[in-house]
Amino acid sequence: MYNIHYATPSNPIFVLNTIIIFSIGYKITNCAQDIRIGVVGNSREEVFTKGCQKLKLDAVNVTMMTLDGTVIDDEEYFQLLPAQTLFIFRLNGETFETGADLVYNVLAAVNNDTLKTSIKIKSFMDENIKEKIRILSSVLDVDHNKQINLTSCSLRSKDPEWFQDLDTRAKTKEEFMFKRCQERIRSYMYKTKTDMIKSDFYIQHKKCRQYLDEVYKQFSELLTKNKYHGYYFDRSNSNCLCDNTGTFICEGAWNQSICSYERGTGHKINPYQNREVERSRSVIPALFEASVMASEIGCSINMNYFYDLLFTTVNLKLVHIVCHDKGQHISAKCDPNLYLKNKQLYEKSDPQ
């Protein structure tokens, strides 16, 4: 599964970069390949650290690589690897057999009896091959269909593996995802407040402080009313950001209209299939400016404008980690004309 960020802006007039992360699942093993463990992580460093801990290996002496022997020491390359990739954690001095090695060893060990058996198998397969392939395909489809069926399951009792090791009382996947999204949106609110009250502007401008406190209070009240937009992750809700199966599609970088991955088909993730779920370059400077304007005119800050920028899909965008631009969005700006509530009415009543 892919890392997906909710990043902004979806419209380049806004200064905001809010992120919600879906972590990817991978598999790890040692050189002996006598154990396989699933881990979740958003970066090479995170997967490497967890892998060493799970396998009880000294990270200083470990090299992480794929089955074909490719050493994974580059974050950008790591992000290109698909979910459920198997990583070998090799201690210095250890050797392991790649897939090619295994095939070679088998071929090298072949004797005449094995060759005779292979000839008979080939002869058997040559007869009515289409029917035999159909039967083989139907057998292989069993696991695939089972996975699809589990993806559609919602109840904990129907797909207990999905809920394994989760610290939650949620009885359905939708309930868990709803609460997970609430946690993320709630963190945006707390981070906004922290950035605001710790700033020099907030501390030094007592007159503006009351406007900022009021707008934050309104943020809190509206978020409570909207249940912190938990429905963004709830596939049973008509306003969710995924389809009814739970599949999310990357919308591309903040300054793009679509994700260009795989010729425009876009990165995809379905946390309802495998439970791999997991702020903000904020609009606070614009809020400070709005508080100055409000205090000078004696009107209210346009809470709904800033609320939409911080907490809703007006300015949130579903973005894969590869498409996420962590740099400053120079061309993105808030609109001062929307900072104040009913500003035009106040301007008309201004004798000047």
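Which residue in β3 is the bridge partner of I24? It's G41, and the views below start from that pair of strands. Keep in mind that this is a predicted model.

**View 1. Four strands make up an open sheet.**
Reading across the sheet, the order is β3-β2-β5-β4, and the pairing is mixed. On the outside sit β3 (36-41) and β4 (62-66), edge strands that each pair on one side only. From one strand to the next, the twist averages 35°. As background for this view, strands of a sheet pair through backbone hydrogen bonds, either parallel or antiparallel. Both kinds turn up here: β2 (residues 24-30) runs antiparallel to β3, with 6 bridges, while β2 and β5 are parallel, with 4 bridges. Strand β2 is mostly covered, since 6 of its 7 residues are buried.

**View 2. Helix α1 lies across the sheet strands β2, β3, β4 and β5.**
The helix covers residues 44-55, and β5 takes in 86-91. Relative to β3, α1 runs at about 145°. One residue to pick out is L55, which is touched by T29 of the sheet.

**View 3. The hairpin of β2 and β3 has Q33 in its loop.**
There are 5 residues between the two strands of this hairpin. Q33 isn't a glycine, yet its phi is positive, at about 55°. How covered is Q33, buried or partly exposed? With a relative accessible area of 27%, Q33 counts as partly exposed. On the strands themselves, I24 of the hairpin is bridged to G41, and T29 is bridged to R36.

**View 4. T29 is a buried threonine in strand β2.**
Why does T29 count as buried? Its relative accessible area is 0%, and buried means under 20%, so T29 clears that cut-off. T29 has a partner in each neighbouring strand shown here: R36 is its bridge partner in β3, and I88 stands opposite in β5. The T29 side chain also reaches the backbone oxygen of I35, at 2.5 Å. Leaving out residues up to four places away in sequence, T29 touches D34, I35, R36, L55, L86, F87, I88 and F89.

**View 5. T63 sits in β4, one of the edge strands.**
Here the relative accessible area is 18%. Since buried means under 20%, T63 is therefore buried too. Setting aside residues up to four places away in sequence, T63 touches V71, I88, F89, R90 and N92. Two of those contacts, I88 and F89, also appear on the list for T29.

**View 6. The largest nonpolar core has 49 residues.**
Generally speaking, in soluble globular proteins nonpolar side chains tend to be buried together. In this core, the members that touch the most other members are I185, F219, I301, F306, F311 and Y339. Helices that each supply at least two residues are α6 (160-163), α7 (173-197), α8 (200-204), α9 (206-225), α11 (284-297) and α12 (303-311). The biggest giver is α9, with 8 residues. Zooming in on I185, and ignoring its neighbours within four places in sequence, you'll find contacts with L223, Y228, Y232, F311 and L316. There is also a second, separate core of 18 residues, and Y26, C52, L57 and I72 are among them.

**View 7. Helices α9 and α11 cross in a right-handed sense.**
The two axes come within 8 Å and cross at roughly 120°. Which residues of α9 meet α11? They are K207, C208, Y211, L212, V215 and F219. Facing them from α11 are L287, F288, S291, V292, A294 and S295. F219 has also come up before, as one of the residues that touch the most other members of the largest core.

**View 8. H229 sits in the loop between α9 and β6 (248-249).**
Like Q33, H229 isn't a glycine but has a positive phi of about 55°. What about cover: is H229 buried or exposed? H229 is buried, with a relative accessible area of 4%, whereas Q33 is partly exposed at 27%.

Notes. Residues are numbered from 1 along each chain as its sequence is written. This is a predicted model: local features need pLDDT of at least 70, side-chain atom pairs count only at pLDDT 80 or more; totals for chains, interfaces and linings use all residues. Side-chain values use heavy atoms; hydrogens and water are left out. Two strands pair if DSSP finds at least two bridges between them. Axes are lines fitted to C-alpha atoms, for helices over the stretch in contact, and angles run from 0 to 180 degrees between N-to-C directions. Contact means heavy atoms within 4.5 Å. A nonpolar core is a set of buried Ala, Val, Leu, Ile, Met, Phe, Trp, Tyr and Cys residues joined through side-chain atoms within 4.5 Å. Buried means under 20% relative accessible area, exposed over 50%, partly exposed in between (1.4 Å probe, protein chains only). A polar contact is a pair of N or O atoms within 3.5 Å; within protein, one must be able to donate a hydrogen and the other to accept it, and residues adjacent in sequence count only if both atoms are side-chain atoms. A crossing is left-handed if the near helix is turned anticlockwise from the far one by less than a right angle, and right-handed if clockwise.
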